[in-house]
Amino acid sequence: GRVYAATQLSMSRKAALKTLRPELGKDKKQLKRFYHEARAASALTSPHVVRIYDFGIDDESKTPFIAMEHLQGRDLTAAIRAEAPMPPRRAARIMCQVAEALIEAADQGIVHRDLKPDSIFLMAQKGRRDFVKVMDFGIAKVIRDDSSLQESLTGTGMTIGTPMYMSPEQALAKPLDHRSDLYSLGASVYEILTGK
């Protein structure tokens with residue numbers, strides 16, 4: 001899809017508008033995955049998860065969209081390219097915030113499944129230089145049986161995610177829980193500390 005800077009006119013606030021490419025909007029599984037991202041992220045209240053304002057299909061263009069918090073800063077990948085290896089204290093401050101978001105996700109029965117520096121956003125907020133927002137819950141899996149989010153958006157034995165950050169059980173398409181995200185967190189910590 002694409003992400004645009006937008007303004008929510010009714011509240012005069014900046015927003016990011018994520019849209020799905022038209023050809024993917026016709027694929028029911030891709031459309032479900034797109035909305036699953038909005039539902040999974042909106043179930044979380046951590047200040048370290050990007051806030052979702054609205055989602056749906058635009059009446060005029062028929063384009064699926066997610067309206068979310070407008071972030072200013074850069075993703076962790078850009079920070080690593082510019083500054084790695086980072087000092088251990090700074091790396092710990094960043095990753096503790098990511099861990100806070102993952103704790104809430106685990107408590108809600110949500111496994112991110114694609115945690116990596118690209119999905120960790122750094123911004124200046126609340127007096128912090130590296131205030132973290134975790135994004136991109138598009139392939140998150142809800143493992144709680146009682147959740148209305150529970151849907152199978154991948155085929156049996158299908159592996160999705162980013163291989164360099166993927167836990168072994170995810171790479172082998174085995175059942176996952178929150179520990180898979182901890183593996184991805186560890187891979188990201190290694191990259192911050194070494195630049196590799």
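**Exercise 1.** Classify Thr77 from its relative accessibility of 13%: buried or exposed? Then list what Thr77 touches.

*Solution.*
Step 1. Take the cut-offs: buried is under 20% relative accessible area, exposed is over 50%, and partly exposed is in between (1.4 Å probe, protein chains only).
Step 2. Thr77 stands at 13%, so it counts as buried.
Step 3. Place the residue: Thr77 lies in helix H3. Helices (H or I, at least four residues) and strands (E, at least two) are DSSP runs, numbered from the N terminus.
Step 4. Look for contacts, meaning heavy atoms within 4.5 Å. Leaving out residues up to four places away in sequence, Thr77 touches Pro117 and Asp118.

*Ground rules.* The model is predicted: local features need pLDDT of at least 70, side-chain atom pairs count only at pLDDT 80 or more, and totals for chains, interfaces and linings use all residues. Residues are numbered from 1 along each chain as its sequence is written, and side-chain values use heavy atoms, with hydrogens and water left out.

**Exercise 2.** Work out the strand order of the open three-stranded sheet, and find which helix packs on the sheet.

*Solution.*
Step 1. Apply the pairing rule: two strands pair if DSSP finds at least two bridges between them.
Step 2. The order is S5-S7-S8, and the pairing is antiparallel.
Step 3. Strand S5 (74–75) and strand S8 (128–134) are the edges, since each pairs on one side only.
Step 4. Check one pair: two antiparallel bridges join S5 to strand S7 (residues 120–125). Asp75 has Phe121 in S7 as its bridge partner.
Step 5. Add the helix. H4 (residues 88–107) packs on the sheet and touches S5, S7 and S8. Its direction makes about 35 degrees with that of S8. Axes are lines fitted to C-alpha atoms, for helices over the stretch in contact, and angles run from 0 to 180 degrees between N-to-C directions.

**Exercise 3.** Test the length of H4, then state which of its residues are buried and what they pack against.

*Solution.*
Step 1. The expected span is 1.5 Å times one less than the number of residues.
Step 2. For the 20 residues of H4 this gives 28 Å, and the end C-alpha atoms are 28 Å apart, so the two agree.
Step 3. Buried residues of H4 include Arg90, Ile94, Met95, Val98 and Leu102.
Step 4. The buried residues of H4 pack against S5, H3, strand S6 (110–111), S7, S8 and H6.
Step 5. After H4 comes Gly109, with a positive phi near 75 degrees.

**Exercise 4.** Which element gives the most to the largest nonpolar core?

*Solution.*
Step 1. Define the set: buried Ala, Val, Leu, Ile, Met, Phe, Trp, Tyr and Cys residues joined through side-chain atoms within 4.5 Å.
Step 2. The largest such core has 41 residues. Leu76, Met95, Val98, Ile110 and Phe137 touch the most other members.
Step 3. Elements giving two or more residues are helix H2 (28–42), strand S4 (64–69), helix H3 (76–83), H4, S7, S8 and helix H6 (178–194).
Step 4. H4 gives the most, with seven residues.

**Exercise 5.** How many salt bridges does the structure hold? Then contrast the settings of Asp130–Arg90 and Asp177–Arg179.

*Solution.*
Step 1. Use the criterion: a side-chain nitrogen of Lys or Arg within 4 Å of a carboxyl oxygen of Asp or Glu.
Step 2. The count is eight.
Step 3. In the bridge of Asp130 with Arg90, the closest N and O atoms are 2.6 Å apart. Asp130 is in strand S8 and Arg90 in helix H4, so the pair ties together parts 40 residues apart in sequence. Both residues are buried.
Step 4. Arg74, Glu83, Arg90, Arg129 and Asp130 are linked in a salt-bridge network.
Step 5. Asp177 bridges to Arg179, again with 2.6 Å between the closest N and O atoms. Asp177 is partly exposed, at 22% relative accessibility. Arg179 is exposed, at 53%.

**Exercise 6.** Describe the hairpin of S1 and S2, and say how many residues of S1 are buried.

*Solution.*
Step 1. Strand S1 (residues 2–8) and strand S2 (residues 13–19) pair antiparallel over seven bridges.
Step 2. Gln8 stands opposite Arg13 in S2.
Step 3. Four residues separate the strands, and Ser12 takes a positive phi near 50 degrees.
Step 4. Of the seven residues of S1, zero are buried, so the strand lies largely in the open.
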